[in-house]
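Here is a short briefing on one protein and the ligand it holds. Keep the sequence and the 3D view open as you read.

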Amino acid sequence: MKRYSVFAVAREAARYHTGWERAWRKAEPKKKYDVIIIGGGGHGLATAYHLGKRFGIKNVAILEKGWLGGGNTGRNTTIIRSNYLQDPSAALYEKSRSLYETMSQDLNYNVMFSPRGVIMLAQTHHEVRGYQRTAHANALQGVKTEWISPTRVKDLVPIMNIAGPRYPVLGGLWQARGGTARHDAVAWGYARACSDMGMDVIQQCEVTAVRREGGKVVGVDTTKGAIDCDKLGIVVAGNSGHVAGLAGFRLPIESVALQALVSEPIKPCMDVVVMANTVHGYLSQSDKGEMVIGGGTDGYNNYTQRGSFHHIEETVRALIETFPMLSRLKMLRQWGGIVDVTGDRSPILSKTPVENVFINCGWGTGGFKATPGSGWAMAELIAKGHGPLTDAFGLERFREGRFIDESVAAGVAH
Ligand code: FAD
Ligand code: PYC
């Protein structure tokens, strides 16, 4: 595959952009693969990428029932941070954040990583104590965050009203190297790199059954026919319960819609990301100038991949005391994605009751930030059967009561 570079842009400009090739090959399924990954979102593609890059396993197919990144990967608000409380989570999310730093160079694809900084606002005394505790934990874990004063918050975000009567800003947890990235570029960059390694990225290919013999996986049935494999990775986020059912086991997981919306574009007015978790809202400004806004999950389990009117009102109302300017903005569009939520708000990266079937799910409202780290760790799990970043996240933790409680760090109400 030809490299993207300034020279390539100049060459193509000189010939009216007639020489660009497809970013990834259009592939049809082969009869058999060493590894099949179900799910062409960021996590599935990153898993395949690291299988090839780190372990030389390249006879791999990624099967996507819709289009690449059409699930939560292309629907999220792109916030990247690693300010989690528990050691296994901090290790995994910080690995991921650090991989974002070099992702554009590693993939030769501009994912527009923008480490503009993320503040989690403390608007109650309970939150002050919680975030100060996280800042101390992060210091021990080697994750760079700091507790900042209300004045510093106001310096960073001049449009904010920090003196609200109901929810004054009492400080914040600041991660200067947190930020955002272009979500679909992450999926496209990984797909291109996978295709370049000879892997088959197959869209419009839904897995409809998981075939097993003697407790071991032997292949899948799909809308494009039967395909055999030695190992299978299930990486399907909101559809995890359903696909695990096809493989014959149950997951401790609930699927629920999470919605977001954007305003009309306006002049640059906020160059950091702000999460206000007490009122259930978060906010950043896109490169196009739109204010990107999200709130809590729907109050009931569902598979409804779209927005609903009351969410606009609830979310904007929650944020207006702290961001009065929002009351004067028109909202442009709204959408939803189905997130996969576990009881301890931590992911599952695990072997399963079916031999050679591995599962990666449970990222809930917060897995975009984890995409490269999840792929890195999941590839190791598939290739070697375990790994330092995944050992704590096995399914058995629910049976053993060894939870990794991240309900505060998850940041989004659910
Ligand atoms: P997905 O991108 O959903 O990919 C799974 C893929 O599997 C889908 O493309 C689906 O079509 C495919 N699939 C399902 N079933 C089958 C089948 N049977 N056969 C073949 N393919 C199948 N996280 C953050 O870190 N920061 C944020 O700011 C943030 N904001 C969010 C805002 C919203 C509105 C939403 C919905 C989520 C947000 N998240 C955020 C969470 C984040 O988007 C997800 O955790 C993450 O993108 C999950 O990636 P994935 O690759 O696991 O899943
Ligand atoms: O996990 O940081 C996050 C997040 C922000 C918005 C949705 N999830």
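By class, 17 polar, 14 nonpolar and five charged residues make up the shell around ligand 1. This is a predicted model. The points below start with that shell, move to the domains, and end with one residue, Val-412.

**The shell around ligand 1**
- The ligand is surrounded by 36 residues.
- Glu-64, Asn-72, Thr-73, Thr-77 and Lys-369 are the closest of them.

**Polar contacts with the backbone**
- Gly-42 has a backbone N or O atom 3.2 Å from an oxygen atom of ligand 1.
- Phe-368 also places a backbone N or O atom by an oxygen atom of ligand 1, at 3.0 Å.
- At Val-207, a polar backbone atom is 3.0 Å from a nitrogen atom of ligand 1.

**Cover and elements**
- How much of the accessible area of ligand 1 does the protein cover? On its own, ligand 1 has 1000 Å² of accessible area, and the protein covers 97% of that.
- Three elements give two or more residues each to the shell: α2 (42–55), β12 (253–265) and β16 (331–342).
- Which element gives the most to the shell? It is β12, with three residues.

**Two domains**
- The domain assignment splits the protein into domain 1 (25–82 + 84–109 + 183–254 + 344–409) and domain 2 (118–175 + 255–338).
- Between the C-alpha centres of domain 1 and domain 2 the distance is 28 Å.
- The contact between them takes 26 residues from domain 2 and 21 residues from domain 1.
- Both domains take part in the shell around ligand 1: each of domain 1 and domain 2 supplies at least three residues.

**A look at Val-412**
- Where is Val-412 found? Look in the segment after α11 (396–400).
- Is Val-412 buried or exposed? Val-412 has 7% relative accessibility, so it counts as buried, because the cut-off for buried is under 20%.
- Leaving aside residues up to four places away in sequence, Val-412 touches Leu-258, Tyr-282, Gly-295, Gly-296 and Thr-365.
- Gly-364 is 48 residues from Val-412 along the chain, and their C-alpha atoms are 9.5 Å apart.

Methods. Residues are numbered from 1 along each chain as its sequence is written. Chains are lettered from A and ligands numbered from 1 in the order in which they are written. This is a predicted model: local features need pLDDT of at least 70, side-chain atom pairs count only at pLDDT 80 or more; totals for chains, interfaces and linings use all residues. Side-chain values use heavy atoms; hydrogens and water are left out. Helices (H or I, at least four residues) and strands (E, at least two) are DSSP runs, numbered from the N terminus. Buried means under 20% relative accessible area, exposed over 50%, partly exposed in between (1.4 Å probe, protein chains only). Contact means heavy atoms within 4.5 Å. A residue is near a molecule or strand if one of its heavy atoms lies within 4 Å of it. A polar contact is a pair of N or O atoms within 3.5 Å; within protein, one must be able to donate a hydrogen and the other to accept it, and residues adjacent in sequence count only if both atoms are side-chain atoms. Accessible areas come from the Shrake-Rupley method with a 1.4 Å probe; for residues, only the protein chains shown count as cover. Ala, Val, Leu, Ile, Met, Phe, Trp, Tyr, Cys and Pro count as nonpolar, Asp, Glu, Lys and Arg as charged, and the others, Gly among them, as polar. Domain bounds come from an automatic or database domain assignment.
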